[in-house]
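Please consider the following model with attention to its charged side chains and to its nonpolar surface.

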Amino acid sequence: MKAIFETGGKQYYVSEGEEIYVEKLDAEVGSAIDFTNVNQVGDKIGTPYVKGAKVTCEVVKHGKAKKIVVFKYRPKKKYRNTRGHRQPYTKLIVKKIAG
């Protein structure tokens with residue numbers, strides 16, 4: 001069964017057993033998280049959410065993505081600014097989709 005759910009301002013299309021990376025969540029490694037903002041489960045489409053549906057995931061790890069370089073400059077003004085950014089994430093495994 002497949003589902004679409006929301007977390008961190010984004011939507012994820014998942015099936016059971018799949019590994020996904022989401023915005024960092026406040027949860028311990030090894031704990032289970034239930035997402036109730038489910039937009040679609042199988043053929044059921046919510047308006048905006050499917051009532052009684054939930055996606056259960058297990059937290060595998062927390063980490064940071066690879067560094068991206070943010071470079072700003074103004075031509076002819078001798079302005080150069082270089083910064084790096086590493087986005088924190090949480091890796092999840094989808095255990096169960098109930099709908």
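Is Glu-19 buried, partly exposed or exposed? In this predicted model, Glu-19 counts as partly exposed, at 46% relative accessibility. The partner of Glu-19 is Lys-91: the two form a salt bridge in which the closest N and O atoms are 3.5 Å apart. Because Lys-91 belongs to strand 10 (residues 88–98) and Glu-19 to strand 3 (residues 19–23), this pair ties together parts that are 72 residues apart in sequence. Lys-91 itself is buried, its relative accessible area being 13%, which places it under the 20% cut-off for that class. The salt bridge therefore joins a buried lysine to a partly exposed glutamate.

How many salt bridges does the model contain? The count comes to four, and the pair of Lys-91 and Glu-19 is one of them, since a side-chain nitrogen of Lys within 4 Å of a carboxyl oxygen of Glu meets the criterion.

A further salt bridge involves strand 7. The side chains of Lys-54 and Asp-34 meet with an N to O distance of 3.7 Å. Lys-54 lies in strand 7 (residues 54–64) and Asp-34 in strand 4 (residues 32–35), so the contact ties together parts that are 20 residues apart in sequence. Lys-54 is partly exposed, with 34% relative accessible area, and Asp-34 is likewise partly exposed, at 43% relative accessibility.

Strand 7 also contributes Glu-58, whose partner Lys-95 lies in strand 10. The side chains of Glu-58 and Lys-95 meet in a salt bridge of 3.4 Å, N to O. Since Glu-58 is in strand 7 and Lys-95 in strand 10, the pair ties together parts that are 37 residues apart in sequence. Glu-58 counts as partly exposed at 27% relative accessibility, and Lys-95 is partly exposed with a relative accessible area of 46%. Strand 10 thus holds Lys-95 as well as the buried Lys-91 of the pair described at the outset.

The surface also carries a nonpolar feature. Which residues form the nonpolar patch? Val-69, Phe-71 and Tyr-73 form this patch, with about 350 Å² of accessible area together. Phe-71 is found in strand 8 (residues 68–74). With a relative accessible area of 48%, Phe-71 is partly exposed; this value is over the 30% relative accessible area that a patch residue requires.

How values were computed:
Residues numbered from 1 in each chain as written. Predicted model: local features only at pLDDT ≥ 70, side-chain atom pairs only at ≥ 80, totals over all residues. Heavy atoms only, no water. Helix = DSSP H or I, 4+ residues; strand = E, 2+ residues; numbered from the N terminus. Buried < 20%, exposed > 50% of the residue type's maximum accessible area, 1.4 Å probe, protein only. Patch = residues over 30% accessible without salt bridge, like charges linked within 9 Å, V, L, I, M, F, W, Y side chains within 5 Å. Areas by Shrake-Rupley, 256 points an atom, 1.4 Å probe, with all protein chains shown as cover.
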